[in-house]
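The following points are offered as a colleague's note on the coordinates shown below. They begin with local backbone features and proceed to the packing and the chain as a whole.

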Amino acid sequence: MNVAFRLNGEARQVSASADRRLIDLLRDDLGLTAAKKACGIGRCGSCMVLLDGQPANSCLLMLWQLDGRDVVTPEGLDALPEARTVRAELAVENAFQCGYCAPGFSMTLTALLRESPQAGETEIRAALEGNICRCTGYHSILRGALAAAEALRRARSPTGDRQ
């Protein structure tokens with residue numbers, strides 16, 4: 001089957017079997033390896049992409065589901081100003097040790113803070129429920145997420161002050 005979609009801002013058309021997963025296309029065919037293969041059942045968030053602006057596990061997305069849709073992978077995040085802020089604040093907080101889960105957390109936080117820059121700890125924790133970190137713990141990730149939310153609120157404020 002033929003599937004046409006946008007990938008990181010570029011029009012793509014692929015021909016693949018109906019049972020082909022997005023994660024396999026990204027990693028095996030396109031060399032986009034930032035989305036990680038981990039659990040394979042949509043529970044860890046390591047393969048997270050943005051599908052029409054919303055976080056989605058690419059291990060659960062069949063290619064036929066992409067027709068006419070917009071996909072952003074971790075490689076495409078730098079085109080989004082919110083993502084640059086999220087990544088910078090996570091780095092300041094030394095949020096990750098090995099970094100395997102970092103792309104998934106960055107994708108999820110970017111989607112949340114693009115839609116809800118006023119998100120507080122409760123909303124951030126709820127959004128991150130589908131992301132697992134196996135080595136760092138969550139305190140530094142949460143600090144980075146809260147700092148990113150604060151930075152985005154300041155950036156959107158007409159005076160740049162805290163709201």
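1. Asp52 sits in the loop that joins strand 3 (48-51) to strand 4 (54-57). In this predicted model, its phi is positive, at about 50°, although Asp52 is not a glycine. Most residues other than glycine have a negative phi, so the backbone here merits a look. With a relative accessible area of 40%, Asp52 is classed as partly exposed, because that value lies between the limits of 20% for buried and 50% for exposed.

2. A second case is found at Asn8, in the loop between strand 1 (2-7) and strand 2 (10-15). Asn8 is likewise not a glycine, and has a positive phi of about 50°. Its relative accessibility is 28%, and therefore Asn8 also counts as partly exposed.

3. Helix 3 covers residues 102-115, 14 residues in total. From first C-alpha to last, helix 3 reaches 20 Å, close to the 20 Å expected at 1.5 Å a residue. Twelve of its 14 residues are buried, and the helix is thus mostly covered. The buried set runs from Ala102 to Leu113 and includes Pro103, Gly104, Phe105 and Met107. Polar side chains are represented in it too, among them Ser106, Thr108 and Thr110.

4. Which elements pack against the buried residues of helix 3? On the strand side, they are strand 3, strand 4 and strand 5 (70-72). On the helix side, they are helix 2 (81-92), helix 4 (121-127) and helix 5 (139-156).

5. The largest nonpolar core holds 18 residues, of which Leu109, Leu113, Ile124 and Ile141 touch the most other members. Helix 2, helix 3 and helix 5 each contribute at least two residues to this core. The largest share, six residues, is supplied by helix 5. A second core, separate from this one, has 16 residues, including Leu25, Leu26, Ala56 and Val71.

6. Leu109 belongs to helix 3, where it is one of the buried residues. When neighbours within four places in sequence are left aside, Leu109 is in contact with Val86, Leu90, Ile124, Leu128 and Ala145.

7. Helix 5 has 18 residues and reaches 26 Å between its first and last C-alpha, close to the 26 Å expected at 1.5 Å a residue. Its buried residues include Ile141, Leu142, Ala145, Ala148 and Leu152. Glu150 and Arg153 are also buried in helix 5. The cover over the buried residues of helix 5 includes helix 2, helix 3 and helix 4.

8. Overall, the chain contains five helices and five strands. Along the sequence they follow the pattern β-β-α-β-β-β-α-α-α-α. Of the contacts with a separation of 6 or more, 57% are between residues 24 or more positions apart.

9. What radius of gyration does the chain have, and what would a compact globule have? The chain has 16 Å, which agrees with the value near 15 Å for a compact globule of 163 residues. Along the principal axes, the C-alpha trace spans about 50 × 35 × 25 Å.

10. Buried residues account for 46% of the 163 residues in the chain. The accessible surface of the chain comes to about 8,100 Å², and 48% of this belongs to carbon and sulfur atoms.

How values were computed. Residues numbered from 1 in each chain as written. Predicted model: local features only at pLDDT ≥ 70, side-chain atom pairs only at ≥ 80, totals over all residues. Heavy atoms only, no water. Helix = DSSP H or I, 4+ residues; strand = E, 2+ residues; numbered from the N terminus. Buried < 20%, exposed > 50% of the residue type's maximum accessible area, 1.4 Å probe, protein only. Expected span 1.5 Å × (residues − 1). Contact = heavy atoms within 4.5 Å. Core = buried A, V, L, I, M, F, W, Y, C linked by side-chain atoms within 4.5 Å. Rg over C-alpha atoms; globule rule 2.2 N^0.38 Å. Areas by Shrake-Rupley, 256 points an atom, 1.4 Å probe, with all protein chains shown as cover.
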